[in-house]
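Thank you for making time for this. I would like to take you through one model, going from its overall sheet to a few individual residues.

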Amino acid sequence: MAWGEEDRRVSVATETKRISVRDIRERKGAEPIVVLTAYTAPMTVLLDPHVDVLLVGDSLGMVVYGLETTLGVTLEMMIAHGAAVTRASRRACVVVDLPFGSYQESPRAAFRTAARVMAETGCAAVKLEGGVEMAETVSFLAARGVPVMGHVGLRPQSVHALGGFRAQGRDEAAAKAILADAEAVAAAGAFALVVEGVMEPLARQLTGQIAIPTIGIGASPACDGQVLVTEDMLGLFNAFRPKFVKRFAELGEQAEAAIRTYAGDVRARRFPGLEHCFGVRKP
Ligand code: KIV
């Protein structure tokens, strides 16, 4: 068999159907939706077989670029990381965050940004933060072929207006406003909604009340799906550790130990060994 023929057989045999936004939308009230953030190709390869949605979140500004908030994230950053994640994945539905300042001004500005993100990354959908005030934009995008994931509750792009990274919906008026936000975004045509950092009973009520899947983070086990920042749950990001982060591993500690060993080996001339070198003559 020629090389080309063998290659074709392998790629057909391993071909995977990608999860669509419609598949996610139809999971409302059924099987839980598994979401994790992804920013780079090597992490995407690990995540892709296990998750339903890969979220290229603007949290990358804090996790990858060391920014204090997500406000300094640019469209170029989101496009570069979104394209890397789409290229490295085959199965999961890829959603890319629209960064601060790139969509709030008007539905038209949002469409221009979203069209660039979709065309240049190959993602299936975009995510934007906001409630009642963004409903017109969500509807404008959805009507023009841009699937939108909403994001209500603690909205990191509004961290200054919200008075910091703190749980939302603490009193009746605030809870009512978040419910109104969720309903407005769902009615405007979003296919799913991230609910971040809200009181548990509110997230539970909201999930029962709206027709699209809710994806909780610091919200409720009653949400239709859950999302975490991958580096948080793997113990790779320590600058910030909210209550809702469960550490499923402590990879940061393991990485540090490996780096310490490498440094010691280089200093002691234990690395590289001759087995790591080229052209070594056997005695
Ligand atoms: O930017 C992000 O990673 C997010 C998730 C935490 C929901 O918006």
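What follows is a walk through the strands, the helices that accompany them, and two residues that I will treat separately.

Please keep in mind throughout that this is a predicted model.

Let me begin with the sheet as a whole, in which 8 strands close into a barrel, in the order E1-E2-E3-E4-E5-E6-E7-E8, with parallel pairing. Neighbouring strands of this sheet are turned against each other by 25° on average, if direction is ignored.

I will now go along part of that order, starting at strand E4, residues 125-127, which runs parallel to strand E5, residues 148-153, and is joined to it by 2 bridges. In terms of individual residues, Val126 stands opposite Val148 in E5, while Lys127 has Met149 as its bridge partner in E5. Between these two strands we also have helix H7 to consider, since E4, H7 and E5 make a right-handed β-α-β unit.

How much of E5 is buried? The count is 6 of its 6 residues, so this strand is largely enclosed by the rest of the structure. On its other pairing, E5 runs parallel to E6 over 5 bridges, and here Met149 has Ala192 as its bridge partner in E6, whereas Gly150 has Leu193. Met149 is therefore worth a pause when you look at the display, because by the under 20% relative accessible area criterion it belongs to a strand in which 6 of the 6 residues are buried, and it is the bridge partner both of Lys127 and of Ala192.

A helix also belongs in this part of the picture: H9, residues 172-187, lies across E5 and E6, and runs at about 175° to E5.

Moving on to E6 itself, residues 192-196, we find that 5 of its 5 residues are buried, so this strand, too, is largely enclosed by the rest of the structure. If we separate its side chains by direction, Ala192, Val194 and Glu196 point one way, and Leu193 and Val195 point the other way, with all of them buried. I would draw your attention to Glu196, which is included in that buried set.

From E6 we continue to E7, and these two strands pair in the parallel sense over 4 bridges. The chain passes from E6 through helix H10, residues 200-209, to reach E7, and this β-α-β crossover is right-handed. Leu193, which we met as the bridge partner of Gly150, stands opposite Thr214 in E7.

Strand E7, residues 214-217, is covered on both faces, with Thr214 and Gly216 buried on one side and Ile215 and Ile217 buried on the other. E7 then pairs with strand E8, residues 225-228, again in the parallel sense, over 2 bridges, and the bridge partner of Gly216 in E8 is Gln226.

Let me turn next to a pair of helices. The axes of H6, residues 107-121, and H7, residues 135-143, come within 9 Å and cross at roughly 45°, and the two helices are therefore oblique to each other. The crossing in which H6 passes H7 is right-handed. As for the residues that meet there, H6 contributes Pro107, Arg108, Ala110, Phe111 and Ala114, and H7 contributes Glu136, Thr137, Phe140 and Leu141.

Finally, I come to the two residues that I set aside, Thr37 and Val229. Thr37 lies in strand E1, residues 33-37, and is buried, with a relative accessible area of 3%. Leaving out residues up to four places away in sequence, Thr37 touches Leu47, Leu55, Ser59, Leu228, Val229, Thr230 and Glu231.

Where does Val229 sit? Its place is in the loop between E8 and helix H11, 230-233, and, at 12% relative accessibility, Val229 counts as buried because the cut-off is under 20%. With the same sequence neighbours left out, Val229 touches Thr37, Tyr39, Ser59 and Val63, so that Ser59 appears among the contacts of Thr37 and also among those of Val229. By contrast, the C-alpha atoms of Val229 and Thr137, which are 92 residues apart along the chain, are separated by 26 Å.

Methods. Residues are numbered from 1 along each chain as its sequence is written. This is a predicted model: local features need pLDDT of at least 70, side-chain atom pairs count only at pLDDT 80 or more; totals for chains, interfaces and linings use all residues. Side-chain values use heavy atoms; hydrogens and water are left out. Buried means under 20% relative accessible area, exposed over 50%, partly exposed in between (1.4 Å probe, protein chains only). Two strands pair if DSSP finds at least two bridges between them. A crossover is right-handed if, with the strands pointing away from the viewer, the path from the first strand over the helix to the second runs clockwise. Contact means heavy atoms within 4.5 Å. Axes are lines fitted to C-alpha atoms, for helices over the stretch in contact, and angles run from 0 to 180 degrees between N-to-C directions. Angles under 35 degrees count as roughly parallel, over 145 as roughly antiparallel, 65 to 115 as roughly perpendicular and the rest as oblique. A crossing is left-handed if the near helix is turned anticlockwise from the far one by less than a right angle, and right-handed if clockwise.
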